[in-house]
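Hello,

I am passing on the structure below, with notes on what was found in it. Please read the notes with the structure open.

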Protein chains: 2
Amino acid sequence: MDYMGVPVAVTYSDIARHAGVSTATVSRVLSGSDPVSDAIAARVRASADALGYRSNRAARALRKNTSETIALVFPDIEQPFFATIARVVEDHAARLGRPTIVCNTGEDLGREQVLLDLIIDERVAGLILAPSDENSAAAAAVVEAGIPLITVDRRFHGDPVSSVLVDNQAGARALVADLLGHGHRRIAAITGTAAATSSRERLAGCQQAVAAVPGASLLIAEGKMRDAIGIAATTEMAGRLLSEMLAGQDDPPTAIFCGNGIITQGVVRALKSAGRAIPGEVAVAGFDDLPMFDLLEPPLTVAAQPVEEIGRIAGRLLFQAIENPGREPRVVTVPPQLRFRLSCGGHPAAATGRGYMHSTMNPD
Amino acid sequence: MDYMGVPVAVTYSDIARHAGVSTATVSRVLSGSDPVSDAIAARVRASADALGYRSNRAARALRKNTSETIALVFPDIEQPFFATIARVVEDHAARLGRPTIVCNTGEDLGREQVLLDLIIDERVAGLILAPSDENSAAAAAVVEAGIPLITVDRRFHGDPVSSVLVDNQAGARALVADLLGHGHRRIAAITGTAAATSSRERLAGCQQAVAAVPGASLLIAEGKMRDAIGIAATTEMAGRLLSEMLAGQDDPPTAIFCGNGIITQGVVRALKSAGRAIPGEVAVAGFDDLPMFDLLEPPLTVAAQPVEEIGRIAGRLLFQAIENPGREPRVVTVPPQLRFRLSCGGHPAAATGRGYMHSTMNPD
DNA sequence: CTGAAAGCGCTTACAG
DNA sequence: CTGAAAGCGCTTACAG
């Protein structure tokens with residue numbers, strides 16, 4: 001609606017006048033909140049169309065004290081793992097007519113706090129979070145504000161919340177067991193910030209595997225992700241940690257476990273540019289399967305996370321929690337998919353082709 | 001603030017009562033909209049803190065008829081190109097206290113329409129869009145609603161808007177010229193939907209290069225991205241288009257130009273799994289440099305887009321437009337970076353190491 | 001610099 | 001099933 005060329009919002013009272021009903025009736029028809037006789041409903045809809053009505057989501061949010069928006073707060077949306085979850089969840093939300101707010105914390109607790117405060121002030125309908133710290137006070141404030149919370153990738157140790165997790169320990173254990181099976185005894189683990197429960201669980205898996213083999217040892221390097229925002233910086237950091245490890249030991253490690261896909265990428269890049277043969281001089285295995293890991297020379301052995309599935313489950317849990325706030329929290333743990341390829345030192349099936357590519361879990 | 005254990009919102013009138021001032025004064029202090037005497041301002045702030053005040057962004061948005069939220073509407077946020085731009089812009093927005101809504105159109109005009117309607121109803125402060133179609137009616141509606149619009153990657157042919165673009169034609173022309181320089185005469189181009197101006201410009205660049213060489217021909221395959229949402233599907237589609245091309249011709253192409261990074265990835269994957277030597281049997285060059293393209297065997301020749309820079313410029317243009325709505329639209333075109341590696345048939349400098357890696361533009 | 005008051009566009013008891 | 005009316009929490013002319 002224009003007035004002297006200046007656009008003017010069409011409101012419920014305009015529609016009410018046009019259709020000869022009250023604004024309450026307009027609201028009932030257009031929001032579908034209450035039954036209205038067919039004849040009147042049709043008249044209201046026709047008036048809304050005729051006047052070019054557009055809803056005002058802020059007004060609705062103010063009145064209902066909650067918006068329809070959902071929020072995703074991740075360490076780094078540029079990482080394929082989080083980018084895929086964001087794509088899957090946004091898709092679901094958009095189909096429900098809900099906008100999706102996306103934020104990056106950069107693994108920084110201070111930023112996470114600020115962002116979650118913003119999210120609370122937005123009175124979002126729900127939040128999917130990969131908490132930078134399992135004791136995040138900011139996440140606790142979200143729960144206290146009555147906002148449904150789902151965590152992904154990482155646990156949260158406050159009030160019980162629904163989570164979608166991967167069996168990190170089993171995945172890492174299987175990968176390291178395989179490296180040990182190839183005769184390696186000095187294993188290095190390069191992981192992301194240990195504040196993330198996923199990193200710690202993966203390390204625990206490495207330690208279990210190493211503890212089971214006499215004479216085997218584990219060297220650990222933790223990357224401070226805070227200092228490495230963005231894929232390029234994380235890649236570079238992983239390479240640096242690797243070089244320090246290989247150079248700084250009398251008896252350097254012969255096999256590397258990489259805590260996530262970006263770290264794997266950094267490690268492989270550093271090894272290649274240093275001219276170290278994989279797996280001849282240094283064997284490599286890591287969490288996450290990035291789109292080109294199987295095209296590299298050698299193809300990389302990984303524990304792939306079922307990322308799309310994680311996103312679907314997280315979205316489903318979130319919308320269920322929004323619909324039904326009384327629902328019991330649920331923790332869903334999905335298995336990683338082990339894909340033995342050649343970077344771990346070769347594997348009978350991998351060497352001949354695609355065998356083991358889609359096994360789900362090593363019975364170890 | 002709690003009442004019988006039920007959380008109750010603290011409002012300006014609570015603060016006003018506590019501080020002994022009017023709600024107007026509270027508003028002036030807390031929003032910083034108007035000068036207030038230091039003594040009163042301090043009292044108001046102290047009261048707000050004491051009561052645990054949290055702002056209500058919906059109320060503000062309703063009153064001011066615009067939210068502080070910005071929106072990003074992209075074909076697919078899972079693609080590294082868009083994921084990086086989203087990360088950079090969100091970072092900037094968050095520092096300004098603005099939430100960022102992110103949406104995926106999947107190159108589907110209908111979905112884009114629905115999403116942009118949602119965005120308009122949210123009365124966002126501004127929008128960065130990679131339009132699925134240069135004549136997008138939905139984008140025109142955004143402009144008409146008075147929402148500042150910046151396009152990235154693609155042009156929009158409605159009212160003039162600010163845009164951040166890459167010199168697609170020059171990049172593609174240089175890449176194809178290099179393939180021709182290696183003696184190839186039957187070139188194939190595999191691109192994304194031609195509804196995107198970037199795809200058409202890259203094709204035009206290919207055609208220019210081919211037209212300059214007698215006896216050279218260009219075969220074109222356009223991927224319908226609509227049918228290939230997500231990286232996995234796009235990769236697969238590119239592989240299929242390639243196979244059809246190689247199998248369906250009497251005299252199949254010997255060199256492939258790939259319209260973007262995901263397509264390049266699909267083409268390389270298909271060639272490798274078909275056992276075709278790169279560049280021996282088929283040479284490859286493409287737009288976008290993905291993080292592992294230089295680690296593949298052979299490393300891939302590409303025209304890299306300065307993605308972070310594109311994101312920074314788009315963010316800057318957006319916030320300038322929000323601050324100053326009267327500003328003239330600006331179109332910024334950045335050069336792609338040519339990185340000649342071995343997949344195009346070898347290159348004097350590339351063969352010996354990292355030469356040409358960071359040249360910016362072929363003088364052609 | 002400060003306050004009283006209207007009003008942004010919705011929804012929801014309440015009454016009929 | 002429908003309407004009259006209050007009110008969600010802010011901001012902003014207007015007046016002083």
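B:Ala189 has B:Ile220 as its bridge partner in strand 9 of chain B. The next such pair to look at is B:Ile190, whose bridge partner in strand 9 of chain B is B:Ala221. Please keep in mind that this is a predicted model. These pairs belong to a longer pairing: strand 8 (residues 186–191) and strand 9 of chain B run parallel and are joined over six bridges.

Both strands sit in an open sheet of chain B, made of six strands in the order 9-8-10-11-12-14 with mixed pairing. Strand 9 (217–222) and strand 14 (337–339) of chain B are the edges of this sheet; each has a single partner strand, so one side of each has no neighbour in the sheet. On average, neighbouring strands are turned by 15° against each other, with direction ignored.

Next, the helices on the sheet. Helix 9 (residues 197–211) of chain B lies across strand 8, strand 9, strand 10 (255–258) and strand 11 (283–287) of chain B, at about 175° to strand 8 of chain B. Together, strand 8, helix 9 and strand 9 of chain B form a right-handed β-α-β unit. Helix 10 of chain B lies across strand 8, strand 9 and strand 10 of chain B, and runs at about 155° to strand 8 of chain B.

Helix 10 of chain B also meets helix 11 of chain B: their axes come within 7 Å and cross at roughly 55°. The two helices of chain B, helix 10 and helix 11, are therefore oblique to each other, and helix 10 of chain B passes helix 11 of chain B in a right-handed crossing. Residues making this contact include B:Ile231, B:Met237 and B:Leu242 of helix 10 of chain B, and B:Ile262, B:Val267 and B:Arg269 of helix 11 of chain B. By class, the residues of this contact between helix 10 and helix 11 of chain B are eight nonpolar, six polar and two charged.

Last, the contact between the chains. Chain A and chain B contribute 43 residues each. On the side of chain B that touches chain A, at least two residues come from each of helix 4 (57–64), helix 5 (80–95), strand 4 (100–104), helix 6 (109–121), helix 10 (231–248) and helix 11 (261–273) of chain B. Helix 5 of chain B gives the largest share of that side, seven residues. The side of chain B that touches chain A holds 21 nonpolar, nine polar and 13 charged residues.

Regards

Methods
Residues are numbered from 1 along each chain as its sequence is written. Chains are lettered from A and ligands numbered from 1 in the order in which they are written. This is a predicted model: local features need pLDDT of at least 70, side-chain atom pairs count only at pLDDT 80 or more; totals for chains, interfaces and linings use all residues. Two residues are in contact if their C-beta atoms, placed from the backbone, lie within 7 Å. Helices (H or I, at least four residues) and strands (E, at least two) are DSSP runs, numbered from the N terminus. Ala, Val, Leu, Ile, Met, Phe, Trp, Tyr, Cys and Pro count as nonpolar, Asp, Glu, Lys and Arg as charged, and the others, Gly among them, as polar. Two strands pair if DSSP finds at least two bridges between them. Axes are lines fitted to C-alpha atoms, for helices over the stretch in contact, and angles run from 0 to 180 degrees between N-to-C directions. A crossover is right-handed if, with the strands pointing away from the viewer, the path from the first strand over the helix to the second runs clockwise. Angles under 35 degrees count as roughly parallel, over 145 as roughly antiparallel, 65 to 115 as roughly perpendicular and the rest as oblique. A crossing is left-handed if the near helix is turned anticlockwise from the far one by less than a right angle, and right-handed if clockwise.
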